[in-house]
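This report describes a structure in terms of its sheet, its helices and its buried residues. The sequence and the model are shown first.

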Amino acid sequence: GYITCFSGDGGNDVGALKTAHVGIALSDSDASLVSPFTSLDKSITSVADVLKEGRCALASAFAAYKYMIMYGQIETINQVANAYFAITFSDWCWV
């Protein structure tokens, strides 16, 4: 389906902000308590800024996950190679 983005500034927008995939509150009222994102800048141009920040956060999270997975794979390959060739290291090499 569709992904919805909703920005609101008042008390009558609370339900829509809560149910939207991306809800951006443009005020400090009740809407800012239920929406996932609250903008400090109270203008409609902050919607683009929130979307950019969300994409940056997603990209850095994926980069961190890729790093952790790659590190685990390299460590596993290293352990298997050491076991295959019967190489033993002292404890300080693993720190």
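Serine 7 stands across from isoleucine 24 of strand β2 in this predicted model. Helices (H or I, at least four residues) and strands (E, at least two) are DSSP runs, numbered from the N terminus. The model is predicted, and local features need pLDDT of at least 70, side-chain atom pairs count only at pLDDT 80 or more, while totals for chains, interfaces and linings use all residues. Residues are numbered from 1 along each chain as its sequence is written, and side-chain values use heavy atoms, with hydrogens and water left out.

**The sheet**

The pairing of serine 7 is part of a ladder of four bridges between β1 and β2 (residues 22–25), two strands that run parallel. Two strands count as paired if DSSP finds at least two bridges between them. Cysteine 5 faces valine 22 of β2, and phenylalanine 6 has glycine 23 of β2 as its bridge partner. Between β1 and β2 the chain passes through helix α1 (residues 14–19), and this β-α-β crossover is right-handed. That term applies if, with the strands pointing away from the viewer, the path from the first strand over the helix to the second runs clockwise.

On the β3 side, two bridges join β2 to β3, again with parallel strands. There isoleucine 24 stands opposite phenylalanine 37. The result is an open sheet of three strands in the order β1-β2-β3, with parallel pairing. β1 (5–8) and β3 (37–38) are the edge strands; each has a single partner, so one side of each has no neighbour in the sheet.

Strands of a sheet pair through backbone hydrogen bonds, either parallel or antiparallel.

**Burial around β2**

Both faces of β2 are covered: Val22 and Ile24 are buried on one side, Gly23 and Ala25 on the other. Buried means under 20% relative accessible area, exposed over 50%, and partly exposed in between (1.4 Å probe, protein chains only). In a regular strand the side chains alternate between the two faces of the sheet.

The table lists relative accessible areas for four residues.

| Residue | Relative accessible area | Class |
|---|---|---|
| Isoleucine 24 | 0% | buried |
| Serine 35 | 7% | buried |
| Glutamine 73 | 44% | partly exposed |
| Alanine 86 | 63% | exposed |

Isoleucine 24 lies in β2. Beyond its neighbours within four places in sequence, its contacts (heavy atoms within 4.5 Å) include Phe6, Ser7, Leu17, Ser35, Phe37, Val47 and Val50. The C-alpha atoms of isoleucine 24 and glycine 8 are 6.6 Å apart, with their positions 16 residues apart along the chain.

Serine 35 sits in the loop between α2 (31–34) and β3. Not counting residues up to four places away in sequence, serine 35 touches Leu17, Gly23, Ile24 and Ala25.

**The nonpolar core**

Val22, Ile24, Leu26, Val47 and Val50 make up the largest nonpolar core, which has five residues. Such a core is a set of buried Ala, Val, Leu, Ile, Met, Phe, Trp, Tyr and Cys residues joined through side-chain atoms within 4.5 Å. β2 and α3 are the elements that give two or more residues to this core. Leucine 26 is in contact with residues including Ser7, Gly8, Asp9, Ser39 and Ile44, leaving aside neighbours within four places in sequence.

**Helix α3 and the segment after it**

Helix α3 (residues 46–84) lies across β1, β2 and β3 and runs at about 130° to β2. Axes are lines fitted to C-alpha atoms, for helices over the stretch in contact, and angles run from 0 to 180 degrees between N-to-C directions. Ser46, Val47, Val50 and Asn82 are buried in α3, and the cover over the buried residues of α3 includes β1, β2 and β3.

At 1.5 Å a residue, the 39 residues of α3 should span 57 Å, and the end C-alpha atoms are 57 Å apart, which agrees. The expected span is 1.5 Å times one less than the number of residues. Glutamine 73 belongs to α3, and its C-alpha atom is separated by 16 Å from that of phenylalanine 62, eleven residues away along the chain.

Alanine 86 is in the segment after α3. Alanine 86 has a positive phi of about 55° although it is not a glycine.
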